[in-house]
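Please work through the following exercises with the sequence and the model side by side, trying each task before reading its solution.

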Amino acid sequence: MKYQKIVSAEFISRPNRFVANVMLNGNEVKVHVKNTGRCRELLVPGTEVYLDDFTGRQGSRKLLYDLVAVKKGELLINMDSQAPNKVVKEALENGTIKLPGMAELTVIRPETVYGDSRFDFFIQDKNGISGYAEVKGVTLENDGIASFPDAPTERGVKHLRELVRARENGFHASVVFVVQMEGMKCVTPNDERHPEFGEALRYAAEKGVNVLAYECRVAPDFLCITNPVEVKLK
């Protein structure tokens, strides 16, 4: 996926989950943050950030800019929470992501209700095998190890439990972690931040839910899935 127009700025502060103040061309500007997670390790005063500029296409938007990426030392991290679903759909369509136990996909339908959850994708292959896939974007990194979540997520636990139920009912089931950065050694559940999620993820894997992770090629104006990354559950 590609952003239309990206400009760089300097992060100042984040008064709430949805809004940040940045320094852009010598002026303090209020921008929309496209990630409601904590991102405390990323959004540090003085850090270089990248904004999607909607000049000329603002429409009914209240803010002219979206904060979509950030520098963490030499590492560039895309923190747009809408991006993982977009790049997973592209990767499922072009075959970069191949789901274990499924042939070429003929149906990739976003936002599909199953039980008490709404999964990111309903999928079906050319042999008629059907299933569900849930996508989780990963922006937390420490010494080359990516982990999820960066804050407790009861919704994430619920999705994993529902994937287990889908698997038990004969559906294919996968959770795909999209590492929104390059060069990670592995992906792990963040047991320190949310042990219940880690427990639910390990249980899901034991029950036959595919647990996959892919890293991305990242540029200020670009994101695409490239290589699989090892998932370490224990």
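The exercises below concern two helix arrangements and one loop residue.

This is a predicted model, in which local features need pLDDT of at least 70 and side-chain atom pairs count only at pLDDT 80 or more, while totals for chains, interfaces and linings use all residues. Residues are numbered from 1 along each chain as its sequence is written, and side-chain values use heavy atoms, with hydrogens and water left out.

**Exercise 1.** Determine on which side of helix 1 (residues 83–94) its buried residues lie.

*Solution.* Helices here are DSSP runs of H or I with at least four residues, strands are runs of E with at least two, and both are numbered from the N terminus. In helix 1, the buried residues (under 20% relative accessible area, 1.4 Å probe, protein chains only) are A83, P84, V87, V88, A91 and L92. Because they cover an arc of only 160° around the axis (taken from the directions from the helix axis to the C-beta atoms), they lie on the same side of helix 1. In general, an α-helix has 3.6 residues a turn, so residues three or four places apart point the same way.

**Exercise 2.** Describe how helix 2 (residues 154–168) and helix 3 (residues 195–206) are oriented to each other.

*Solution.* Their axes, lines fitted to C-alpha atoms over the stretch in contact, with angles from 0 to 180 degrees between N-to-C directions, come within 9 Å and cross at roughly 15°. Helix 2 and helix 3 are therefore roughly parallel, a term for angles under 35 degrees.

**Exercise 3.** Locate T139 and state whether T139 is buried or exposed.

*Solution.* T139 is found in the loop between strand 9 (130–138) and strand 10 (140–142). With a relative accessible area of 9%, T139 is buried.

Note on methods. Buried < 20%, exposed > 50% of the residue type's maximum accessible area, 1.4 Å probe, protein only. Parallel < 35°, antiparallel > 145°, perpendicular 65-115°, else oblique.
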